[in-house]
Amino acid sequence: TYNTYLGVNAGYDSDTDTTQNVAVGYSALENNESGDYQVAVGFQALHQGTTGTSANTAVGWRALKGSTGGFGNVAIGYDTLSTAGALGDYNVAVGYQALKTYYNSQYAIGIGYQAGYANRDEYSVLIGHKAAYGAYGVGTSNVYIGDQVAYKSTTASKNVAIGFKAAYDITIGADNVIIGNLAAENITEGEDNIILGTSAADNLTTGDNNIYIGNAIDASSATV
């Protein structure tokens, strides 16, 4: 009841007991079995919202298309949050293919072109062009801001990286603070490092408990 559907197959095959949904566009909110209070605008937006999807907002081509049980997600942009069978809750994705493969992640924010594209971080903030683009790992509690920052992040957790390609190669590191363009760009794993400055410690690949402050300052070796 109180649903509004506009477009070919918009709201098609949705249960009649769903309420207060808005669907605009070809096949938007199709197959909605039990979801309420949702907004789907765009070609196949929220297309597979079968069971348990409620209070979601999807605006864009196939935005939130694959969500089958998510709650409270916001997807704005082409192909955002669109993984098939996804069950994640309370995620925000803004930008072309932002958080595309989030799957069961929750409380993640991805803003920017392909921000968090293949990344499944939770409780994280990923902002920038291909920020934390990732490789299907699940990290947690990260803050990544910048163009291609933490680009290869998989299961890295509790890190802060800010700057162009800062921590670019990081995969499984934790509890690091890396700030500066190209800062620690080659580090793949490490814990409890503080690295501040443009190209600071850019020769470091692995290491723990280091402090490097200054532009272009090098680590004493690649593995300290």
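**Close-up views of a predicted, all-strand chain**

**View 1. Contacts along the protein chain.** Among contacts that join residues at least 6 apart in sequence, 2% link residues at least 24 apart. The model shown in this and the following views is predicted, and its protein chain holds 15 strands and 0 helices. Along the principal axes, the C-alpha trace of this chain spans about 65 × 20 × 20 Å.

**View 2. Surface and charges of the protein chain.** The protein chain has 224 residues, of which 51% count as buried, and its accessible surface comes to about 8900 Å², with 56% of that area belonging to carbon and sulfur atoms. The chain carries 8 positive and 20 negative charges, and the mean positions of these two sets lie 9 Å apart.

**View 3. Asp-79 in the loop between strands S5 and S6.** The loop that contains Asp-79 runs between strand S5 (74-76) and strand S6 (92-94). Asp-79 has a phi near 60°, which is a positive value in a residue other than glycine. The relative accessible area of Asp-79 is 7%, and because this value is under 20%, the residue counts as buried.

**View 4. Lys-130 in the loop between strands S8 and S9.** Lys-130 is placed in the loop that connects strand S8 (125-127) with strand S9 (143-145), and its phi, near 55°, is likewise positive in a residue other than glycine. With a relative accessibility of 22%, which falls between the cut-offs of 20% and 50%, Lys-130 is therefore classed as partly exposed.

Methods. Residues numbered from 1 in each chain as written. Predicted model: local features only at pLDDT ≥ 70, side-chain atom pairs only at ≥ 80, totals over all residues. Heavy atoms only, no water. Helix = DSSP H or I, 4+ residues; strand = E, 2+ residues; numbered from the N terminus. Buried < 20%, exposed > 50% of the residue type's maximum accessible area, 1.4 Å probe, protein only. Contact = heavy atoms within 4.5 Å. Areas by Shrake-Rupley, 256 points an atom, 1.4 Å probe, with all protein chains shown as cover. Lys, Arg positive; Asp, Glu negative; His and termini not counted. Charge placed at Lys NZ, Arg CZ, Asp CG, Glu CD.
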